[in-house]
Amino acid sequence: MARRNYWQVLVCGAVLALFVSEPSSGQVNTSAIAGVVTDETGSIVQNATITVTQPATGLTRKVTSGNNGEYVVPQLPPGRYDIKVEATGFQAAIANGINLDIAQRERLDFSLKVGAVSQQVEVSAHAEIADTDTASLGQMVETRTIEDLPLNGRNYLTLGSLSPGVVPQIPSSEGPASFVASTTGRPDRSILVGGQRESSTSYLLDGVELRNPRVGDTSINPSLDAVQEFKIQRNFFEPEFGNAPGIINVATKAGTNQWHGTVYELLRNNAFDARNFFAPASEPFKRNQYGFSLGAPIVKDKLFIFGNFEGMRQRLGVVQRGLYPTQKELSGDFTGEAAIYDPLTFDGSTGTRQAFPGNVIPSNRINKVSQNFFPYIPKVNGPTVQGANLVGTPVQSLNDDQDTVRVDWIVSPKNSLFGRQTWENSPLLPASLVPLGGSQVLSSGTNEVAQLTSTLTPTIVNVARAYHSYANLFGEQVTVGSNLAQAIGITGVSTTPANWGVPGVGWTGFAGIGSNGLTQGDKINNYELADSLSWIKGGHSLKFGAEVRQSRMFLDSDNGPRGSFTFASSWTAALNAATGNPVKGTGQPVA
């Protein structure tokens with residue numbers, strides 16, 4: 001019976017929170033202002049009225065100082081605030097332009113002077129070096145930094161890499177790629193914080209988790225024009241932040257009473273780049289990033305909207321070198337090369353094989369299935385230079401589109417509503433010297449959150465939140481219209497369209513063809529209901545909360561669904577009669 005009553009209380013509390021609420025940027029993204037109100041002698045001032053106002057939206061919050069003179073204004077969205085302190089028999093004190101960052105607890109003490117209530121004293125705002133009211137460690141990246149610093153690729157995580165203890169991913173072109181970079185093909189989708197693994201970093205967007213739990217990357221990389229500010233948090237943060245040792249905590253922009261917006265297009269191309277040392281000319285490179293953002297009031301001091309769209313089209317030439325079988329070799333002619341021996345002429349009595357006459361394989365001996373692979377082998381007849389007979393700059397293609405829409409509604413002085421939707425789709429097509437080579441990476445995500453906050457009393461503030469987050473990440477063979485492996489003549493291959501493609505074929509000493517033989521990915525839906533209540537009781541700040549999460553995960557790992565084949569020279573090498581081992585320097589893997 002007690003257990004059933006417990007759940008009844010939880011359900012009733014959740015329902016109540018849904019009907020009496022006020023917006024903020026997320027339980028883990030909200031901030032607070034706290035301090036002590038005294039007089040000129042240092043004596044405490046009880047029952048002083050502290051009014052906090054956000055000029056940009058008209059949001060107002062009122063509290064009173066307690067018996068010990070202390071006050072706390074919790075669950076405030078990040079932004080700029082004005083504060084006014086009033087008490088009977090004292091001049092009013094005003095502090096304007098107080099900036100609250102994400103998850104910050106700003107301490108601001110007031111000393112009131114005796115005088116008429118109509119008089120007022122302006123208090124200068126101050127900036128603290130550290131957040132002394134909490135044990136949290138981290139670094140804030142503010143709006144001005146995001147807007148003013150030039151960023152290659154307009155990726156906010158690039159700024160995060162400048163923070164102490166943060167390491168960016170290494171592109172595969174510059175060294176051993178991380179698991180995230182090699183899986184997604186994108187070294188800009190994750191960072192390492194505080195010496196932890198990349199999969200340990202949590203990415204929060206308005207308090208909503210974006211991390212792909214399987215791979216460890218962020219499923220959505222919001223546009224710079226949609227980011228108000230973000231904070232990198234390391235260790236010692238409060239339990240509501242979750243279980244990750246490193247957090248990238250992002251707050252999105254919101255509409256205000258003033259119209260503000262941007263329209264932009266950024267261009268980079270190879271006309272301004274130096275050529276790669278190994279390329280005869282500068283490799284193809286074009287990047288267009290374009291978009292717009294707009295924030296505006298729908299109803300002044302009441303209803304606001306913000307929207308953003310950004311698209312990126314990138315074509316990046318990648319210098320690749322490879323040694324591939326020549327057309328002469330594929331015809332069976334190995335004249336002038338290492339001697340090849342017919343494996344079907346093995347003599348058990350002597351332990352030897354007979355050489356192919358003239359070092360040429362008769363045309364009727366070339367396997368028909370092998371011939372079906374020939375269209376997928378690059379045609380080369382040139383000389384081999386520095387271990388390669390084919391050099392090129394195939395182009396990698398990336399199309400990235402995303403949008404964000406946010407609405408803030410101040411329903412009443414105590415009740416408001418906040419909601420946001422973000423979507424991104426960014427397929428990456430590989431650069432390959434061979435036809436239909438390499439793997440494409442299909443990546444997309446959506447994120448919706450509705451958050452409600454209520455000032456129940458001057459000392460009790462409640463926040464309720466619901467969200468859904470979807471992530472889709474798949475690495476697979478480039479899109480083809482039919483089951484090529486089956487058409488080539490390989491039996492037992494997968495019939496799933498995501499696995500269609502050219503089987504992987506390799507020859508010892510040569511570059512291979514086909515894809516890497518692995519289809520791997522996931523589709524994840526996360527749902528959450530959460531409630532948090534802040535209660536100021538005398539000199540204590542208490543916080544209670546609960547959340548329920550559900551993750552629905554579809555995981556797929558198909559190893560070698562098209563088949564994978566490797567050929568060595570031993571199959572056509574001469575045999576040592578005494579040992580039965582292949583004779584070194586004979587045989588051809590292509591044969």
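I take a residue as buried when its relative accessible area is under 20%. By that cut-off I entered Tyr71, at 1% relative accessibility, as buried. I note at the outset that the model is predicted.

**Entry 1. The chain as a whole**

I counted the secondary structure first and found seven helices and 32 strands in the protein chain. The chain has 591 residues, and I recorded 48% of them as buried. I then looked up the exposed area, which is about 28,100 Å², with carbon and sulfur atoms supplying 57% of it. For contacts between residues at least 6 apart in sequence, I noted that 69% join residues at least 24 apart.

**Entry 2. Nonpolar cores**

I turned to the largest nonpolar core, which has 26 residues. The residues with the most contacts inside this core are Tyr324, Ile361, Phe373, Tyr376, Trp507 and Ile513. I checked which elements give two or more residues to this core, and they are α7 (484-488) and β29 (504-507). The helix α7 gives the most, with three residues.

I followed Ile361 further. Leaving aside residues up to four places away in sequence, I listed Ser331, Gly332, Phe334, Ile340, Phe356, Ile366 and Ala591 as the residues that Ile361 touches. I also recorded another core, of 25 residues, lying apart from the one above; among its members are Val45, Val73, Ile83 and Phe110.

**Entry 3. Aromatic pairs**

I searched the whole structure for aromatic pairs and obtained four. Two of them I describe here.

For Tyr71 and Phe110, I noted ring centres 6.5 Å apart and planes at 45°, so I class this pair as tilted. Tyr71 belongs to strand β4 (residues 70-76) and Phe110 to strand β8 (residues 110-112), so the pair ties together parts that are 39 residues apart in sequence. I had already entered Tyr71 as buried; Phe110, at 2% relative accessibility, is buried as well.

For Phe474 and Phe554, the ring centres lie 6.4 Å apart and the planes stand at 25°, so I class the pair as stacked. I placed Phe474 in strand β28 (residues 460-477) and Phe554 in strand β31 (residues 540-559); the pair thus links distant parts of the chain, 80 residues apart. I then asked of each partner: is it buried or partly exposed? Phe474 is buried, with a relative accessible area of 7%, whereas Phe554 is partly exposed at 46%.

**Entry 4. Phe285**

I located Phe285 in strand β18 and found it buried, at 8% relative accessibility. I read a C-alpha to C-alpha distance of 8.5 Å between Phe285 and Ala271, which are 14 residues apart in sequence. Not counting residues up to four places away in sequence, Phe285 touches Arg268, Asn269, Asn270, Asp273, Gln314, Arg315 and Leu316.

**Entry 5. A nonpolar surface patch**

I looked next at the surface and recorded a nonpolar patch of about 350 Å². Which residues make this patch? I listed Ile298, Val299, Ile305, Val405 and Val407. Strands β18 (285-299) and β24 (395-410) each supply at least two residues of the patch. I assigned Val405 to strand β24. Patch residues need over 30% relative accessible area. Val405 has a relative accessible area of 39%, so I entered this residue as partly exposed.

Methods. Residues are numbered from 1 along each chain as its sequence is written. This is a predicted model: local features need pLDDT of at least 70, side-chain atom pairs count only at pLDDT 80 or more; totals for chains, interfaces and linings use all residues. Side-chain values use heavy atoms; hydrogens and water are left out. Patches are made of residues with over 30% relative accessible area and no salt bridge: like charges are joined within 9 Å, nonpolar side chains (Val, Leu, Ile, Met, Phe, Trp, Tyr) within 5 Å. Accessible areas come from the Shrake-Rupley method with a 1.4 Å probe; for residues, only the protein chains shown count as cover. A salt bridge is a side-chain nitrogen of Lys or Arg within 4 Å of a carboxyl oxygen of Asp or Glu. Helices (H or I, at least four residues) and strands (E, at least two) are DSSP runs, numbered from the N terminus. Buried means under 20% relative accessible area, exposed over 50%, partly exposed in between (1.4 Å probe, protein chains only). Contact means heavy atoms within 4.5 Å. A nonpolar core is a set of buried Ala, Val, Leu, Ile, Met, Phe, Trp, Tyr and Cys residues joined through side-chain atoms within 4.5 Å. Rings of Phe, Tyr and Trp (its six-membered ring) pair if their centres lie within 6.5 Å; planes under 30 degrees apart count as stacked, over 60 as edge-to-face and the rest as tilted.
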